[in-house]
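User: Hi! Could you walk me through this structure in simple words?
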Amino acid sequence: MTTGTTDPFAYHAPTTVREASQALSRYRGDAKLLAGGHSLIPMMKLRIASPQAIVDLRNVEGLRGITENDDGSITIGAMTTYYELITSDVINSKACAIAEAASEVADTQVRNWGTIGGSLAHADPAGDLPAVAVALGMEINSASARSSRSIASDRFFRGYLETALRPNEVLTGVTVPAQDEGSGCAYVKLANKASHYAIVGVAASVTVDGGGVCTAARIGITGAGPHAVRSRRAERILVGKELTENVIDRAAQRGGAELAGMFNDDVHASAEYREAMTQVYTARAVTRAAACAMG
Amino acid sequence: MNVEVTITVNGTAHRLSVPPRTLLSTLLRDELDLTGTHVGCDTSSCGACTVLVDGDATKSCTMFAAQADGSSVTTVEGLASNGELHPIQEAFREKHGLQCGFCTPGMMITAVQILERNPSPSEAEIRSGLRGNLCRCTGYHNIVAAVQHAAANSGGD
């Protein structure tokens, strides 16, 4: 063999979500869904994951594409790639933070294969899309052989590489709720220079009324802690006020307050540094989202 | 149990039976003897293994061959046609866009993708587009110049 590889596995490429879920059930938690594979395959090479079976979603119908619904919401299929998100007119005009985050992921080749569903289901603590999912209030749609449901993004990420998905559930896509008039969003990231993973990434979505007063705000933070979180304490400071530099700075000081005692502390950045950068990037994300909302 | 893979590589159709864990890079190099696709880091960082899969630049060390079933793949061996170098190959020769040459196949394939999506990229766009390809000779200056040269020669303006 020229190249390294993974432990052996059985390969399945079902054509329906139902069959995919049944395959997951059959292997009792020892099968992995394969989307773009750009997180899973490296983990398998390192033997961090050695599943008995791979259930490749590439032939499953209906998991790909971006649809604007009549109510203004957007549905994105789980197998939609970063490149498709970056080049989508709908995404760029209605939910630009998704395109901003997708264009920050890794490199050209990885963005050709990496998918939104894979990113969310993998729940890498430094993944970019989870922060945006939280800030835009996405609903994560999942299905098993028997039922389907939607999970609110701020209750979806549970821990390091851990989500609210059940072992037999397939993440089928997300729904981005309609953004109100006067809304703007943004994603900003402090990237590790070598890996380009987020040391800290912050997504913000704000809505301002005709008088410049903030009527709604959501902030999602990634990279800083064990999983993406919503920073409600920072949001509360913004709502009901004009988004002046002073107000944004005060909110940013509470950015990531939910992660107190849980900031990641590793070779890439200390907990103190991540905490400080979470505040800095919260201010930048809110400032950009506000400019977009008022633009 | 093996999986059946039907794959067209550089215009030639193949049908192979391989273990599921076979990577696309392994299939190309060991089954089809197309050793122009290099394996550098084997961790999807260096981009030396980049090939086009249905036109998309792809790190072939980070894809199971089974995922490419039904696909059309172009490797560096497929760039030239009828003895004529591809414009990107011509540009790498003209601008000395290689030193040891190890990263070159991946660089050229990614450059093909960059120019296909944007026929007249800025220097910054070329550098950003090549972010997933590492040159350990650090010959980036001439590599970028080669991509610019290819863009200029292909009529991009």
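Analyst: Sure, here is a short tour of a few helices, strands and residues.
Analyst: This is a predicted model, where local features need pLDDT of at least 70, side-chain atom pairs count only at pLDDT 80 or more, and totals for chains, interfaces and linings use all residues. Residues are numbered from 1 along each chain as its sequence is written, while chains are lettered from A and ligands numbered from 1 in the order in which they are written.

User: Thanks! How far apart are the end C-alpha atoms of helix α3 of chain B?
Analyst: They are 20 Å apart, which agrees with the 20 Å expected for the 14 residues, 104-117, at 1.5 Å a residue. That expected span is 1.5 Å times one less than the number of residues. Helices here are DSSP runs of H or I with at least four residues, strands are runs of E with at least two, and both are numbered from the N terminus.

User: And how many residues of α3(B) are buried?
Analyst: Eleven of the 14, so α3(B) is largely enclosed by the rest of the structure. Buried means 20 or more other C-beta atoms within 10 Å of the residue's own (exposed is 12 or fewer, partly exposed in between), with C-beta atoms placed from the backbone.

User: What do those buried residues pack against?
Analyst: Their partners include α6 (108-113) of chain A and α5 (140-153) of chain B. In α3(B), B:Met107, B:Ala111, B:Ile114 and B:Leu115 meet B:Ile143, B:Val147, B:Ala150 and B:Ala151 of α5(B). Contact means C-beta atoms, placed from the backbone, within 7 Å.

User: New topic: where is B:Lys59?
Analyst: B:Lys59 sits in strand β4 of chain B. With 35 C-beta neighbours inside 10 Å, B:Lys59 counts as buried. Leaving aside neighbours within four places in sequence, its contacts include A:Gln109 and B:Cys49.

User: Cool. What is the strand order in the open sheet of chain A?
Analyst: The order of its five strands is β4-β5-β10-β6-β7, with antiparallel pairing. The edge strands are β4 (66-68) and β7, each pairing on one side only. Two strands pair if DSSP finds at least two bridges between them.

User: How many bridges join β6 to β7 in chain A?
Analyst: Five bridges join β6 (residues 139-143) to β7 (residues 148-152), and the two run antiparallel. They form a hairpin with four residues between them, and A:Ile140 stands opposite A:Ile151 in β7(A).

User: What about β5 and β10 of chain A?
Analyst: Four bridges join β5(A) to β10(A), again antiparallel. A:Gly77 has A:Gly173 of β10(A) as its bridge partner.

Methods
Contact = placed C-beta atoms within 7 Å.
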